Amino acid sequence: MLGDDDFLSEHALSNVISILNGYHSYDLIYVSSTINESALEEDFGYNEITSRDEFIKHVGIMFTFISGMICNRDRYFDLPDNNKAPMLEGSFLMHLYWQLPLLKHGGRFAIINNNIIYATPDNSGGYRLFRVFSKNLSMILDIFYKRKDYTSIRVRKSSMFFLMNFLNNSHKTRGFGEESYLPDCDYAFSDLNIYQYCFRFFYLYPVLLKFSQKLKPLIKKIMRK
């Protein structure tokens, strides 16, 4: 699936097809992207991963990027419960109903680390950013995973860090709907100790984020675990 505002590097499609036509049949392939057009790459390799946990550990919140995931359509329709999940209409994350069953039941994944997708920056919006990537995302994850499952924890933790980039930032949020985000974020992240005992403070008082630059090394260290 490819978003209507995202573009592939010149030879990306033919190279991806060569991977898909190879010996292995993958359930999901993650494709790296960039918002800097000059950073697009033509030649690339890929890493095969057979662990769901390792795959989602690497991908994190980018699992929700519609243009960054290649789904095995035939494998999806072979799954016994591919169409039994009640869809959350208006979630802005409908593509996860393709991806999450393949992640849950799949056993062969790949990652293309090179930037072969150019994601046009600053041209999306009109929806409630925090609600989509906190409450809506969590509600969909809850259909497929328990809250204590590694996949749910990893994706939601990654989303929590992702949304912090938009706190107290009117420039980044000017195209999105206004919202009172704390109840939605509490719904999504309250079981995460790192949120409950640390980062909720910044969600509650986002103006203090400008004094938190020293936390960046800590955040990166946490994300590597």
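The following exercises, each with a worked solution, concern the packing and strand pairing of a predicted model. Residues are numbered from 1 along each chain as its sequence is written, and side-chain values use heavy atoms, without hydrogens or water. Because the model is predicted, local features need pLDDT of at least 70 and side-chain atom pairs count only at pLDDT 80 or more, while totals for chains, interfaces and linings use all residues.

**Exercise 1. The strand S5**

Determine which strands pair with S5 and in which sense.

*Solution.* Step 1: strands (E, at least two residues) and helices (H or I, at least four) are DSSP runs, numbered from the N terminus. Two strands pair if DSSP finds at least two bridges between them.

Step 2: S1 pairs with S5 in the antiparallel sense over three bridges, and Phe7 stands opposite Tyr118 in S5.

Step 3: strand S2 (residues 28–34) runs parallel to S5, joined by seven bridges; here Ser33 stands opposite Ile117 in S5.

Step 4: strand S3 (residues 47–49) and S5 are antiparallel, with three bridges, and Ile49 has Phe109 in S5 as its bridge partner.

Step 5: of the 11 residues of S5, 10 are buried, where buried means under 20% relative accessible area, exposed over 50% and partly exposed in between (1.4 Å probe, protein chains only).

**Exercise 2. An aromatic pair**

Classify the aromatic pair formed by Phe7 and Tyr118, and state where its members lie.

*Solution.* Step 1: a pair of aromatic rings is described by the distance of the centres and the angle of the planes. Rings of Phe, Tyr and Trp (its six-membered ring) pair if their centres lie within 6.5 Å; planes under 30 degrees apart count as stacked, over 60 as edge-to-face and the rest as tilted.

Step 2: the structure holds 19 aromatic pairs. Phe7 and Tyr118 are 6.3 Å apart, centre to centre, with 25° between the planes, and the pair is stacked.

Step 3: Phe7 belongs to strand S1 (residues 6–8) and Tyr118 to strand S5 (residues 109–119), 111 residues apart, and the pair thus links distant parts of the chain.

Step 4: Phe7 has a relative accessible area of 46% and is therefore partly exposed, whereas Tyr118, at 14%, counts as buried.

**Exercise 3. The nonpolar cores**

State how many residues the largest nonpolar core has, and which have the most contacts inside it.

*Solution.* Step 1: a nonpolar core is a set of buried Ala, Val, Leu, Ile, Met, Phe, Trp, Tyr and Cys residues joined through side-chain atoms within 4.5 Å.

Step 2: the largest such core has 50 residues, and Phe55, Phe63 and Tyr203 have the most contacts inside it. Helix H5 (residues 129–144) gives the largest share, eight residues.

Step 3: apart from this core lies another, of 13 residues, including Ile19, Tyr26, Phe65 and Ile117.

**Exercise 4. Helix H8**

Establish which residues of H8 are buried and what they pack against.

*Solution.* Step 1: helix H8 (residues 182–189) is mostly covered, with six of its eight residues buried. These are Leu182, Asp184, Cys185, Asp186, Ala188 and Phe189.

Step 2: they pack against H5, helix H6 (150–164) and helix H9 (193–204), a contact being heavy atoms within 4.5 Å.

Step 3: Cys185 counts as buried because its relative accessibility is 0%.

Step 4: Phe189 also forms one aromatic cluster with Phe130, Tyr181, Tyr195 and Tyr203.
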